[in-house]
Amino acid sequence: MNRLEQFGEMYIHEVRDRSLSLLYKLLEGKIKAPRLLKLQEELNNVDDQKRKVIEELSEVLIDNTLHHMLLLFEEYPEFELICKNQNLASLSDGLSGELYAEDGWIKKYSQYPSSFDEFE
């Protein structure tokens with residue numbers, strides 16, 4: 001696996017999947033962290049239709065944030081994403097596009113489907 005793919009796998013597992021895992025645990029009432037208990041309680045009082053909207057909105061925002069983080073390294077050359085002395089942006093036709101392609105990082109490495117699959 002090349003450096004770009006290694007980064008993509010880690011980015012998806014450590015950022016996307018952890019964020020989505022927290023979201024689903026909150027929605028399922030499985031969080032024990034004191035700082036999140038009030039939020040979890042509020043979510044438990046929301047009807048199913050609104051919970052679904054919150055879930056979908058959160059999924060889209062997480063994926064959008066990942067996209068724009070990668071776009072930052074594409075559009076601003078003064079900021080580099082370096083792995084073993086190599087700029088990862090130079091290894092890709094477009095870092096942000098690595099997320100969504102048919103063989104993109106989300107499909108290859110995430111345990112959760114892309115939030116954008118439903119909208120395509």
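In this report a residue is called buried when its relative accessible area is under 20%, exposed when that area is over 50%, and partly exposed in between, with a 1.4 Å probe and protein chains only. By this scale Lys-52, at 40% relative accessibility, counts as partly exposed.

The structure is a predicted model, in which local features need pLDDT of at least 70, side-chain atom pairs count only at pLDDT 80 or more, and totals for chains, interfaces and linings use all residues. Residues are numbered from 1 along each chain as its sequence is written, and side-chain values use heavy atoms, with hydrogens and water left out.

## Overall form

The protein chain contains four helices and two strands. Here helices (H or I, at least four residues) and strands (E, at least two) are DSSP runs, numbered from the N terminus. In sequence order, the elements follow the pattern α-α-α-β-β-α. The C-alpha trace of the protein chain spans about 50 × 35 × 25 Å along its principal axes. The chain has 120 residues, of which 36% count as buried.

## Helix H1

Helix H1 covers residues 3–28, which is 26 residues. The expected span of a helix is 1.5 Å times one less than its number of residues. For H1 this gives 38 Å, and the end C-alpha atoms are 36 Å apart, which agrees.

H1 also bends by about 30 degrees at Asp-17. The bend at a residue is the angle between two fitted axes, one for the seven residues ending there and one for the seven starting there.

At the N-terminal end of H1, Asn-2 acts as a cap: a side-chain oxygen of Asn-2 lies 3.0 Å from the backbone nitrogen of Leu-4. A polar contact is a pair of N or O atoms within 3.5 Å; within protein, one must be able to donate a hydrogen and the other to accept it, and residues adjacent in sequence count only if both atoms are side-chain atoms. After H1 comes Gly-29, whose phi is positive, near 75 degrees.

## Salt bridges

Side chains of opposite charge can pair when their charged atoms come close. A salt bridge is defined as a side-chain nitrogen of Lys or Arg within 4 Å of a carboxyl oxygen of Asp or Glu. The structure holds six salt bridges, including those in the table.

| Salt bridge | Distance, N to O |
|---|---|
| Glu-5 and Lys-108 | 2.8 Å |
| Lys-30 and Glu-28 | 3.3 Å |
| Glu-56 and Lys-52 | 3.9 Å |

Where do the partners Glu-5 and Lys-108 lie in the chain? The side chains of Glu-5 and Lys-108 meet in a salt bridge. The pair links distant parts of the chain, with Glu-5 in helix H1 and Lys-108 in helix H4 (residues 105–109), 103 residues apart. Glu-5 counts as buried because its relative accessibility is 14%, whereas Lys-108 is partly exposed at 42%.

In the pair of Lys-30 and Glu-28, Lys-30 counts as exposed, with 55% relative accessibility. Glu-28 has a relative accessible area of 49%, so Glu-28 is partly exposed.

Glu-56 and Lys-52 both lie in helix H3, four residues apart, about one turn of the helix. Glu-56, at 27% relative accessibility, counts as partly exposed.

## Helix H3 and a surface patch

Helix H3 comprises residues 48–75 and includes Leu-72. Val-60 is also found in helix H3, and its relative accessibility of 23% makes Val-60 partly exposed. Between Val-60 and Glu-41 there are 23 Å in space, C-alpha to C-alpha, and the two are 19 residues apart in sequence.

Leu-72 is partly exposed, with a relative accessible area of 33%. Together with Tyr-76 and Phe-79, Leu-72 forms a nonpolar patch on the surface, with about 280 Å² of accessible area in total. Patches are made of residues with over 30% relative accessible area and no salt bridge: like charges are joined within 9 Å, and nonpolar side chains (Val, Leu, Ile, Met, Phe, Trp, Tyr) within 5 Å. Accessible areas come from the Shrake-Rupley method with a 1.4 Å probe; for residues, only the protein chains shown count as cover.

## The loop between the strands

Most residues other than glycine have a negative phi. What is the phi of Lys-84? Phi of Lys-84 is near 50 degrees, a positive value in a residue other than glycine. Lys-84 lies in the loop between strand S1 (82–83) and strand S2 (86–87), and Lys-84 is exposed at 65% relative accessible area. Asn-85 is placed in the loop between S1 and S2 and has a positive phi of about 65 degrees, although Asn-85 is not a glycine. With 80% relative accessibility, Asn-85 counts as exposed.
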